Amino acid sequence: MNTRAIYLFAGVGMLYVLTGLLLSWNVSLNILILGLLSAIMALGVNMQWGYAGLFSTGIVGSIALGGLAVVFVSGQPVPEAFAAGGWQAIGGLAVAVAGIAAAVAAWTYMAPGRLRNLAVAVILIGGFFLYRGIFDPAVERIEAFDPATHGNVGGFGLNSIWAWPVGGLFAAIAAWAIGKIALGLREDYLAIATLGIAEIVITAIKSEDWMSRGVKNFVGLPRPWPVPYEVDMQADPGFLAFCANWGLDPMTTSTLSVKGIYIVMFAMVLGILIWLLQRALNSPWGRMMRAIRDNEVSAAAMGKDVKRQHLIIFILGAAVVGMSGAMYVSMLGQLVPGEYTPLRFTFLIWIMVIVGGSGNNWGSVLGGLLVGWLWLIVDNAGPLVMGAITTGMADGPLKAHLVDAAPQLRLLTLGVALLLVLRFSPRGLLPEK
Amino acid sequence: MDLLNALVAFLNFVVIPAASYGAQLAVGALGVTLIFGILRFSNFAWGDTMAFGTMVVILVTWLFQSLGISIAPLPTALLALPFAIAITSALLLGTDRVVYRFYRKQKAKPIILVIVSAGVMFVMNGLVRIIIGTEEQNFADGGRFLISAGDFKAWTGLAEGLAIKGTTAVTLVTALLTMAALFWFLQKTRTGKSMRAFSDNEDLALLSGINPDRVVQVTWVIAAALAVIAGTLYGLDKSFRPFIYFSLLLPIFASAVVGGLGSPMGAVAGGFVVAFSEVVVTYAWKKVLTYVLPASLAPDSLMQLLSTDYKFAVSFSILIIVLLFMPNGLFNKGK
């Protein structure tokens, strides 16, 4: 941390304070929570891009998988639905995984030739029909059970803080599979391939009703320990006495303190991550990663296994992003698949990393807090500002259109900001040393 | 008779939709592949360039409609194409001047240009959403059907109908003309030849006195035309929604990669490969099979390999298979 960083962080802090003073503290803290989450996501992306130079456009997929973990870990158990087809569905998925593994094994261990191609094709096609034969009827029975409220296999009903590491694990497993396929490719092919994987993950979450209830949204997920519910606080005599004692409004105090608890929790996670990452970056491993990023050929000549290291960092980065996705859903209390768009959860995170400073962990945090603030403040302040600009205009379709379009201004602004940073300060606000 | 019915159902639900979707993808993929060949990066702003071009077409169409200009039974949008191409060319040339040229002069790594194009994508996306909004727009006017299912049934006496939408015919003819014009340009004209030379070997092309700035400018103008045409054909056939155009990026990239990035012929073939695979895999074959198979074997289920939600999975699988087993694509001579 140098003086430049301190000034910049102080400046971003001022933005949040001003939001609190001018709009409301509720809004400011809300944005701060999401800003902290964005900072964690940006840290994960920075591991992939800043340390290793891997350009992945599948961030939204990792985030959504993290969210899905919350559904499995903390969703209400639905024993009837699980009894109807839970084991059979799991069996079907196991067949699918085994089929792919068998095909890969056949490809690896058989001698090249027509026989190998035939074997792989037979395994894949036969495996596909076997999987559909086992899986489809199970899903039909699961989805038939009380589709208005359930229609899903249900989760374990655990506290949603357990979902955080599980979310990281889900994203890591997916990243392992993607990395195995796509990391050997040229860099922009990796970008295209990860874009596709993310699209498929999102489609699965949107349309596989048996696991995530799809576009019907999964609501009612519990809050992570130890965050209380506002209604419970307001009913608690101790809390009411405390408020009366200090002359506080119980309503506002309870909402603000819930937000405060989230902020402390997320800031702690962020702090631990940064501490770990800074140590990793300054260790021999971190030096090796930078050496690989800066010159793959010479690193390989020094005996470093470039492909393996790329895979490791790709998985670790995805795990961090996945964990933040789980944190996000556990805080919202619901999984809304329609929310996961590449623009919001892939490219916006990229802007955070690049504006903040690629390769610098503090830069990612700064980028997350700053860009996150810019993105979200528009929701609250955009219509006000646009309203002020257009007050002189006569009421009519043009004015209505401009006010409606105000939130879209942020896309334009952030795009321009990214282009300006790339052009004039390509190393970002807080450059890597 | 059953076989004929099966054939008609197959044509109506598989071949015709896939051909028209394939033509749209092919024109889009041509643009991606040209930019890759000449400017040497994958343009992530392509989907939003198409959205921008289509938006201009829609605005001009509305203007013409309010003035009462029409070329019925053809859609008015066709008349708007030249205007939209001019405006989109201006936008792309401006973007190149302000954004891309700097990195080209620096000889930046392709991945930096990819990230830069993501920034351009944000700007274009914002522009489109500010100007026309995020809602769905239908701008297809003109004849609805060339042949309607009912007419076809009455005419042939078959149980299955064959419908050819007006927009399908417009798509196929326009796409064909576009491709023919592009290939003629690349093969026969001096500028086209210099573009191909530049794409094959930049240093050699520069040595032979080809002006790189001119090649780049012509490329952007052609790319603009392709983006507008591909976007408009897709919008006429389905409908216009800005975020849909972003997600077209995946099938279009898949088409370009299948044929081999940088190869125009490959892009066209790739577009049809991707479109036909998507439709074949996501079509419910029950109807066709019921006609073909004897009654005892008639299927109970829909006989659909994947639900239509997963059409992106098809483009993606094709993409991965090609990248793993034929990294240069089907049409690139070994490099």
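Two residues are in contact if their C-beta atoms, placed from the backbone, lie within 7 Å. The exercises below use this cut-off on a predicted model.

**Exercise 1.** Find which residues Leu319(B) is in contact with, leaving aside its neighbours within four places in sequence.

Solution.
- Step 1. In chain A, the contacts of Leu319(B) are Ile192(A), Ala193(A) and Gly196(A).
- Step 2. In chain B, Leu319(B) is in contact with Ala254(B) and Val257(B).
- Step 3. Leu319(B) and Val257(B) are also among the residues with the most contacts inside the largest nonpolar core, which has 223 residues.

**Exercise 2.** Explain where the largest nonpolar core lies with respect to the two domains of chain A.

Solution.
- Step 1. The domain assignment divides chain A into domain 1 (3-77 + 154-424) and domain 2 (79-153).
- Step 2. Both domains give residues to the core, so the core lies between them.
- Step 3. The domains also touch: seven residues of domain 1 of chain A are in contact with ten residues of domain 2 of chain A. On the domain 1 side, these residues are three nonpolar, two polar and two charged.

**Exercise 3.** Describe how helix α3 (residues 59-74) of chain A meets helix α15 (residues 342-356) of chain A.

Solution.
- Step 1. The two axes come within 8 Å and cross at roughly 120°.
- Step 2. The crossing of α3(A) with α15(A) is right-handed.
- Step 3. From α3(A), Ile59(A), Val60(A) and Ile63(A) take part; they meet Pro342(A), Phe345(A), Thr346(A) and Ile349(A) of α15(A).
- Step 4. Sorted by kind, the residues of this contact are six nonpolar, one polar and no charged.

Technical notes: Residues are numbered from 1 along each chain as its sequence is written. Chains are lettered from A and ligands numbered from 1 in the order in which they are written. This is a predicted model: local features need pLDDT of at least 70, side-chain atom pairs count only at pLDDT 80 or more; totals for chains, interfaces and linings use all residues. A nonpolar core is a set of buried Ala, Val, Leu, Ile, Met, Phe, Trp, Tyr and Cys residues joined through C-beta atoms within 7 Å. A residue is buried if 20 or more other C-beta atoms lie within 10 Å of its own, exposed if 12 or fewer, and partly exposed in between; C-beta atoms are placed from the backbone. Domain bounds come from an automatic or database domain assignment. Ala, Val, Leu, Ile, Met, Phe, Trp, Tyr, Cys and Pro count as nonpolar, Asp, Glu, Lys and Arg as charged, and the others, Gly among them, as polar. Axes are lines fitted to C-alpha atoms, for helices over the stretch in contact, and angles run from 0 to 180 degrees between N-to-C directions. Helices (H or I, at least four residues) and strands (E, at least two) are DSSP runs, numbered from the N terminus. A crossing is left-handed if the near helix is turned anticlockwise from the far one by less than a right angle, and right-handed if clockwise.
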